[in-house]
Amino acid sequence: MSEATCLVWMTLKSVKRRTLLLRYLLLAAMLALLLLVSSFWLPQGGGRDCGTTWQPCLSFYSQKPEPPLVPQQWEEPEEAPPLIKECPGQSFQAWRLLLYLKSCMSDDDDILLESYLQSWDQLINFMESLGSMVSFFSQKVKEKVVLIRELSLRHKAEAHGKLDSGVQTPAAFGLKDGAYRSLRSMVEAELKSGVVNFRYRTDSGCRTLLRLHRSLLWLKLMLEGLADGPDADGRYKTPGELSRDAYQVALAPHHPWVLRQAAELVFLALPDRKYFLQLVCVQEQREATPVLRVIIHALTLVHTRTQRILQEQGMLELP
C-alpha cells in the first residue's frame, strides 16, 4: 500500500469514527433532554415511594373499590365474558375504562364528549403507570383533554353571559349540554363559528380531538399485540416492540423527526409484558387475552364511530 493510499484510508477511518461518535453524542443528548422534560411530569404518588424514576409504579392513588363490570354489549362473540377485576391500589381500572367507552356511544350514532374524555382519563392513568419515560406522551395527551374541557367551559360561559365571572364550575359543566355535548355538535358549532381551519393550525376542539383519535388508535394497536399469541418461533413480542409497531402506523406519519426519535427511547424503556398483564389484574397470558379482547372491542367501536364522523367533515388531516 502506497503512502498516499494509506493516508486516504486512515482519513476515511477517522471520519467514520467521528461520525459514529457524533451519532452517539446526539442520541445521548436527546435521551438527556427527554429525561429532563419527563422529570417535570412525574406522578407524585400521594407521598408513596415508587422507587427510582426508571421504575414504574402501579399505585398512584387508591380508589374506593367498586364491583367488577363487563357490559354485555362489549363481550367478544361466542366467548364466555371474562371477569374484569377491580385492581385495588392502582389508578388504572379496566372496568372503569369499559364503562366510559360504553357511555360515550350514544343511540344517535354520536360520541358523547364527557364520557369520551373520562375514557381518556383512564387511558392516561394506564400510560402513567408505565413509568416516567411514557410521561413524555401522556402529558401531551393530558393537555389535549384539558383543552377540550376548557373550550367547552368557555363556550358555555359565553352562551350564558358569565365569562370571567369568577364562579368555579366543574370540568364537565360545559359537556352536559350545548355545543360541546357531543362530537357532532362540537363539529357543527366550530365550523359555524369559523374556529376550524383546514389550512393552518388553530386550537379548536376538532383539531385537538383528532390528535386524541390518533393516539387512541396507537393504544388499541398496542393492546392488540399484547392479546396476540407467540410468533412461529414461540416468542412473544415485547411491549416496546409492539408499541413501536403501533406507533409507526398511528402516529409516526404525523410527527416530526425529533419526536419520532424521542419515541424510540420511550419504547426502549417500557416495562416487560408481565407488568402490562398486572395492569389488568392477571398474571398469565392465557388470562390476559380474553380481558384484552373485550377492551380492544370497545376501543374499536369508539374509534370507528369517531373516524366516520371526522371523515364526513373532511377533518382527518387537520393541520
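Which helix does arginine 207 lie in? Arginine 207 lies in α6. Keep that residue in mind; the tour comes back to it. The model on screen is predicted.

**Stop 1: the whole chain**

Show the cartoon and colour it by secondary structure. Ten helices and zero strands appear. Read from the N terminus, the order is α-α-α-α-α-α-α-α-α-α. The chain has 319 residues, and buried residues make up 46% of them.

Now switch on the surface. The chain exposes about 17100 Å². Carbon and sulfur atoms supply 57% of that area.

Next, the contact map. Take contacts between residues at least 6 apart in sequence: 72% of them join residues at least 24 apart.

**Stop 2: the nonpolar core**

Hide the surface. Select Tyr116, Trp120, Phe126, Leu183, Trp218 and Ile295 as sticks. These have the most contacts inside the largest nonpolar core, which holds 75 residues.

Centre on phenylalanine 126. Leave out residues up to four places away in sequence. What does phenylalanine 126 touch? Its partners are Phe92, Leu219, Met222, Leu223, Phe276 and Leu279.

**Stop 3: helix α3**

Select residues 113–128, which make up α3. This helix is mostly covered, with 14 of its 16 residues buried.

Check its geometry with a distance between the end C-alpha atoms. They are 22 Å apart. At 1.5 Å a residue, the 16 residues should span 22 Å, so the two values agree.

Step back into the loop between α2 and α3 and pick aspartate 109. Its phi is near 60°, a positive value in a residue other than glycine. Is aspartate 109 buried or partly exposed? It counts as partly exposed because its relative accessibility is 26%.

**Stop 4: the disulfide**

Select the sulfur atoms of cysteine 87 and cysteine 281. The structure holds one disulfide, and this pair forms it, with the sulfur atoms 1.7 Å apart. The link joins distant parts of the chain, 194 residues apart. Cysteine 87 sits in the loop between α1 (3–39) and α2 (94–103). Cysteine 281 sits in the loop between α9 (273–279) and α10 (285–312). A disulfide is a covalent bond between the sulfur atoms of two cysteines.

Compare the cover on each side. Cysteine 87 counts as buried because its relative accessibility is 2%. Cysteine 281 has 22% relative accessibility, so it counts as partly exposed. The line between those two classes is 20% relative accessible area.

Stay on cysteine 281 and look at the backbone. Its phi is near 65°, a positive value in a residue other than glycine.

Then select two further cysteines. Cysteine 104 has a relative accessible area of 0%, so it is buried. Cysteine 206 is buried too, with a relative accessible area of 0%.

**Stop 5: α5 and what follows**

Select residues 183–193, helix α5. Its buried residues are Leu183, Ser185, Met186, Val187 and Glu190. Leu183 also appeared at the core stop, among the residues with the most contacts there.

Move past the end of the helix. Glycine 194 follows α5, and its phi is positive, near 80°.

Continue to threonine 202, in the loop between α5 and α6 (205–227). Its relative accessible area is 18%, so threonine 202 is buried. Which backbone oxygen does its side chain reach? The side chain of threonine 202 reaches the backbone oxygen of valine 195 at 2.9 Å.

Now expand the selection around threonine 202, setting aside neighbours within four places in sequence. Val195, Val196, Asn197 and Arg207 are in contact with it.

**Stop 6: back to arginine 207**

Follow that last contact into α6, where arginine 207 lies. Arginine 207 is buried because its relative accessible area is 13%. Outside residues up to four places away in sequence, arginine 207 touches Arg201, Thr202, Leu318 and Pro319.

Finish with one distance. Draw it from the C-alpha of arginine 207 to the C-alpha of proline 319. How many residues separate the two in sequence? They are 112 residues apart in sequence, and 7.6 Å apart in space.

Terms used
Residues are numbered from 1 along each chain as its sequence is written. This is a predicted model: local features need pLDDT of at least 70, side-chain atom pairs count only at pLDDT 80 or more; totals for chains, interfaces and linings use all residues. Side-chain values use heavy atoms; hydrogens and water are left out. A disulfide is a pair of cysteine sulfur atoms within 2.5 Å. Helices (H or I, at least four residues) and strands (E, at least two) are DSSP runs, numbered from the N terminus. Buried means under 20% relative accessible area, exposed over 50%, partly exposed in between (1.4 Å probe, protein chains only). A polar contact is a pair of N or O atoms within 3.5 Å; within protein, one must be able to donate a hydrogen and the other to accept it, and residues adjacent in sequence count only if both atoms are side-chain atoms. Contact means heavy atoms within 4.5 Å. The expected span of a helix is 1.5 Å times one less than its number of residues. Accessible areas come from the Shrake-Rupley method with a 1.4 Å probe; for residues, only the protein chains shown count as cover. A nonpolar core is a set of buried Ala, Val, Leu, Ile, Met, Phe, Trp, Tyr and Cys residues joined through side-chain atoms within 4.5 Å.
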